Amino acid sequence: MSAPKSTTFERIDKDNVMLLVVDLQTGLFQVVRDYQPDEYKNNILAHAALGKVFNLPTILTTSTQQGPNGPLPKEIVEMHPSAPLIKRQGEVNAWDNADFRAAVKATGKKQVIMAGITTDVCTTFLALSLIEEGYTVFTNHEASGAASRRIADEANARMRQAGVHVLSMFAIACDLMRNWTYTPGAPQMLPFFDRYFSGYGYLSRGHDAAIESGQILPGESQ
């Protein structure tokens, strides 16, 4: 039996990372089948909101948005009114667009958090290009959508094999935060989770209610 492969835990550094919103467009949204529409809408808005809560350099890009792919959701554009919005007119891989490459390089950051529609094309092609350019890439798999779960799984496996870190939104948020006492910490992240990760949000609400009432059920503390 061979020894397990040695790995290094590469952390997300909030001072050295940018956020990319790649082709999360209202038309392309319609082809996503690995998440339910309401769930996926929440996922892409949460992805965009990470840039806001952690004050990350954020770049938005679209692919031929004047056609059936459509524009970015207005919620994302309004969330980042000052962010570069690169409207690509033909390039499938965002890295093939000179304006996009310039915007990425202008951040001065060497780590990337990204998500796109579709996982197997927009996310994978760009992630592999960024790896080739020497960036460390973290993809938010919950905010990347594909035409089927199998397609998403195969695309994520391809990216992992190339060295891309494929993570959940919660994992990305917690690695950015690192410590509830930091800033952003509990005062900023609990409202974020309440809005975008309702399980944890309601856990927090339940704790608050117990403190306010001063009561717990017999046996609850065991």
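Reader: Hi! Are α6 and α7 roughly parallel or antiparallel to each other?
Author: Hi! In this predicted model, the axes of α6 and α7 cross at roughly 175 degrees. Angles over 145 count as roughly antiparallel, so α6 and α7 are roughly antiparallel to each other. Their axes come within 12 Å.

Reader: Which residues in α6 and α7 meet?
Author: From α6 there are Met169, Phe170, Ala173, Cys174 and Met177, and they meet Met189, Phe192, Phe193 and Tyr196 of α7. The residues of this contact divide into nine nonpolar, no polar and no charged.

Reader: Cool. Which residues of α7 are buried?
Author: Helix α7 covers residues 186–196, and its buried residues are Met189, Phe192, Phe193 and Tyr196. Looking down the axis of α7, you find these buried residues within an arc of 95 degrees, so they line one face of the helix.

Reader: Why would residues a few places apart point the same way?
Author: An α-helix has 3.6 residues a turn, so residues three or four places apart point the same way.

Reader: And what is exposed on the other side of α7?
Author: Pro187 and Arg195 are exposed there.

Reader: What do the buried residues of α7 pack against?
Author: They pack against α6 (169–177), and also against α1 (37–53), α2 (74–79) and α8 (198–213).

Reader: New topic! How many residues does the largest nonpolar core have?
Author: That core has 37 residues, and Phe192 is among those with the most contacts inside it, along with Val21, Tyr40, Leu50, Ile113 and Leu176.

Reader: Where does the largest share of this core come from?
Author: From α1, which gives seven residues. At least two residues each are supplied by β1 (17–22), α1, α2, β4 (111–116), α6 and α7.

Technical notes:
Residues numbered from 1 in each chain as written. Predicted model: local features only at pLDDT ≥ 70, side-chain atom pairs only at ≥ 80, totals over all residues. Heavy atoms only, no water. Buried < 20%, exposed > 50% of the residue type's maximum accessible area, 1.4 Å probe, protein only. Helix = DSSP H or I, 4+ residues; strand = E, 2+ residues; numbered from the N terminus. Arc of directions from axis to C-beta. Contact = heavy atoms within 4.5 Å. Axes fitted to C-alpha atoms, helices over the stretch in contact; angles between N-to-C directions. Parallel < 35°, antiparallel > 145°, perpendicular 65-115°, else oblique. Nonpolar A, V, L, I, M, F, W, Y, C, P; charged D, E, K, R; others polar. Core = buried A, V, L, I, M, F, W, Y, C linked by side-chain atoms within 4.5 Å.
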